[in-house]
Amino acid sequence: MPPTLVVTATVGGIPAEVQYYGSAPGLIYGVMQVNVKIPGNAPSGASEILIKVGSFITQSGVTVAVQ
């Protein structure tokens with residue numbers, strides 16, 4: 001079951017398209033999978049990724065490599 005709150009994401013401070021959010025197949029109940037499309041204008045290198053569910057935000061300092 002997907003969350004009832006709005007799910008948004010940013011990569012390198014740039015809004016990113018959330019393509020899917022919901023259960024993660026094969027993992028325990030309560031784990032949420034979020035698929036995000038990296039924006040074309042995201043900065044190269046290690047870019048911080050933040051996921052927001054309602055007013056709750058993931059921890060800072062998590063990065064994704066952008067080439």
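**Surface and core, starting from M32**

Let's start with M32. M32 is partly exposed, with a relative accessible area of 33%. Keep in mind that this is a predicted model.

Where does M32 sit? It lies in strand 3, which runs over residues 32-37.

Now its contacts. Which residues does M32 touch, once neighbours within four places in sequence are left aside? The answer is P3, V7, G22 and V53. For a sense of distance, take T63. It is 31 residues from M32 along the chain. The C-alpha atoms of the two are separated by 18 Å.

Next, V53. We just met it as a contact of M32. Leave out residues up to four places away in sequence, and V53 touches P3, L5, V6, V7 and M32. So P3 and V7 are on this list, and they are on the list for M32 as well.

V53 also takes us inside. The largest nonpolar core has 9 residues, and V53 and V7 are among them. The others are A9, V11, A16, A42, I49, I51 and V66. Which strands each supply at least two residues of this core? Strand 1, residues 7-11, and strand 4, residues 45-53. In soluble globular proteins, nonpolar side chains tend to be buried together.

Now back out to the surface. L27, I28 and V31 form a nonpolar patch there. Together they have about 290 Å² of accessible area. Look at L27. It is in the loop between strand 2, residues 14-23, and strand 3. Is L27 buried or exposed? Exposed, because its relative accessible area is 55%, and the cut-off for exposed is over 50%.

Methods
Residues numbered from 1 in each chain as written. Predicted model: local features only at pLDDT ≥ 70, side-chain atom pairs only at ≥ 80, totals over all residues. Heavy atoms only, no water. Patch = residues over 30% accessible without salt bridge, like charges linked within 9 Å, V, L, I, M, F, W, Y side chains within 5 Å. Areas by Shrake-Rupley, 256 points an atom, 1.4 Å probe, with all protein chains shown as cover. Salt bridge = Lys/Arg side-chain N within 4 Å of Asp/Glu carboxyl O. Helix = DSSP H or I, 4+ residues; strand = E, 2+ residues; numbered from the N terminus. Buried < 20%, exposed > 50% of the residue type's maximum accessible area, 1.4 Å probe, protein only. Contact = heavy atoms within 4.5 Å. Core = buried A, V, L, I, M, F, W, Y, C linked by side-chain atoms within 4.5 Å.
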